Amino acid sequence: MTDSIEQLVTRGDKDRYLSCLFAPEKARPHLLALYAFNIEIARISQTVSDPQLGLVRQQWWLDSLDGIYAGTTPEHPVAVALAHCIDFADLPKLPLVNLIMAREFDLYSDAMPTLNDLEGYLGETSSALMQLAALVLGHSAAEIAGLAGVAYGIAGVLRSCRSSYLPAAMLHNSGEAGAVKLLCDHARKRLGEARALIGQVPPEVLPALLPASLTELYLARIERGGSLDVSQFRRQLCLWWAARHNRF
């Protein structure tokens, strides 16, 4: 089961998989379980042809969380691994529920109304995942995870090339190119704010935040245009450098 979870994260979320390699060995399977759960939720919108089918699948996961916290875990490899993760780190239920609920946006083609709405969405997905990972590593890091998660999340939604994530208010005022530029600037602002707090969290938390070290790399590629792909070697080097210098 552990191998299947690791393979899922390796294929579905290379950045977070690589960040796990810098975590203590005892925490790695639980981080992988958390990231595998996120993959399962995130890819629902990519595997259904109708939003209602996506809602059914999301409800299954909501019911599964109820079961996990009640002591009746469903026979699903990711759910079983997540149950062990929750037990290991005593994870709260609400952020996991909110992560699922936030992903309802992915099922539709509605535009993100404002930047505040985008930050709220990323706060309950990207940022929440970093905070939960920090808890797996033994410490809370809510403020720094909130900022770093938004920065990394903005880079992620821009790389997805899904225009519905671009805030409608920004598009109306600045056009698509202008909105992308404003979002890149905002991501850098949030990243700078997060980095300013690095001294407030113990070094043990760093693997949870490491994916954010790739933000600038992705933003530069977005602004340059053309291919958004960044080689695994380049990402590994960036993560290694950040981990060695205890930063992200």
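**Entry 1: H3 against H6**

I started with the packing of H3 and helix H6 (residues 77-89) in this predicted model. Their axes lie 8 Å apart, and I get an angle of about 130°. That angle makes H3 oblique to H6, because it falls outside the ranges for roughly parallel, antiparallel and perpendicular. The crossing of H3 past H6 is left-handed.

Next I wrote down who touches whom. On the H3 side I have His30, Ala33, Leu34, Ala36, Phe37 and Glu40. On the H6 side I have Val78, Ala81, Leu82, His84, Cys85 and Phe88. Sorting this contact by class gave me nine nonpolar residues, two polar and one charged.

**Entry 2: H1 against H3**

I stayed with H3 and looked at H1. The two axes come within 9 Å of each other and cross at roughly 60°. So H1 is oblique to H3 as well. I noted the hand too: H1 passes H3 in a left-handed crossing.

From H1, the residues in the contact are Ile5, Glu6, Leu8, Val9 and Gly12. They meet Leu32, Ala33, Tyr35, Ala36, Ile39 and Glu40 of H3. The class count for H1 with H3 came to eight nonpolar, one polar and two charged.

Some names were already in my notes. Ala33, Ala36 and Glu40 of H3 touch H6, and Ala33, Ala36 and Glu40 are also listed where H3 meets H1.

**Entry 3: H9 against H12**

I moved along the chain to H9 and helix H12 (residues 215-224). Here the axes come within 9 Å and cross at roughly 35°. The crossing is left-handed.

H9 brings Ala151, Tyr152, Ala155, Leu158 and Arg159 to this contact. H12 answers with Thr215, Tyr218, Leu219 and Ile222. By class I count seven nonpolar, one polar and one charged.

**Entry 4: the largest pocket**

Then I went looking for open space. The largest pocket has a volume of about 900 Å³. Its lining runs to 32 residues. Which of them lie nearest the centre? I found Arg16, Ala42, Gln46, Arg103 and Gly156 there.

I checked which helices build the wall. H1 (2-12), H2 (14-20), H3 (28-42), H4 (44-47), H8 (115-136) and H9 (142-159) each supply at least two lining residues. H9 gives the most, with six residues. I also ran the classes: the lining of the largest pocket has 11 nonpolar, nine polar and 12 charged residues.

**Entry 5: the second largest pocket**

The second largest pocket has a volume of about 150 Å³. I listed its lining as Val157, Leu158, Cys161, Arg162, Ser163, Leu166, Glu176, Val180, Ile222 and Leu228. H9 turns up again: H9 and helix H10 (168-195) each supply at least two of these residues.

Two of the names were familiar from Entry 3. Leu158 and Ile222 line this pocket, and both are in the contact of H9 with H12. What is the class make-up of the lining? I get seven nonpolar, one polar and two charged residues.

**Entry 6: the cavity**

Last, I searched the whole structure for cavities of 30 Å³ or more, and I found one. About 30 Å³ of space lies in the largest cavity.

Its lining is made by Ile198, Val201, Pro202, Pro203, Val205, Leu206, Leu209 and Asn246. I sorted these residues into seven nonpolar, one polar and no charged. I set that beside the largest pocket, where 12 of the lining residues are charged.

Methods
Residues are numbered from 1 along each chain as its sequence is written. This is a predicted model: local features need pLDDT of at least 70, side-chain atom pairs count only at pLDDT 80 or more; totals for chains, interfaces and linings use all residues. Side-chain values use heavy atoms; hydrogens and water are left out. On a 1 Å grid over the protein atoms alone, a cavity is a set of points where a 1.4 Å probe fits but cannot get out, and a pocket is an open set with protein on both sides within 12 Å along at least five of seven lines; lining residues have an atom within 4 Å of a point. Grid points are joined across faces, edges and corners, and a volume is the space filled by probe spheres set on the points. Helices (H or I, at least four residues) and strands (E, at least two) are DSSP runs, numbered from the N terminus. Ala, Val, Leu, Ile, Met, Phe, Trp, Tyr, Cys and Pro count as nonpolar, Asp, Glu, Lys and Arg as charged, and the others, Gly among them, as polar. Axes are lines fitted to C-alpha atoms, for helices over the stretch in contact, and angles run from 0 to 180 degrees between N-to-C directions. Angles under 35 degrees count as roughly parallel, over 145 as roughly antiparallel, 65 to 115 as roughly perpendicular and the rest as oblique. A crossing is left-handed if the near helix is turned anticlockwise from the far one by less than a right angle, and right-handed if clockwise. Contact means heavy atoms within 4.5 Å.
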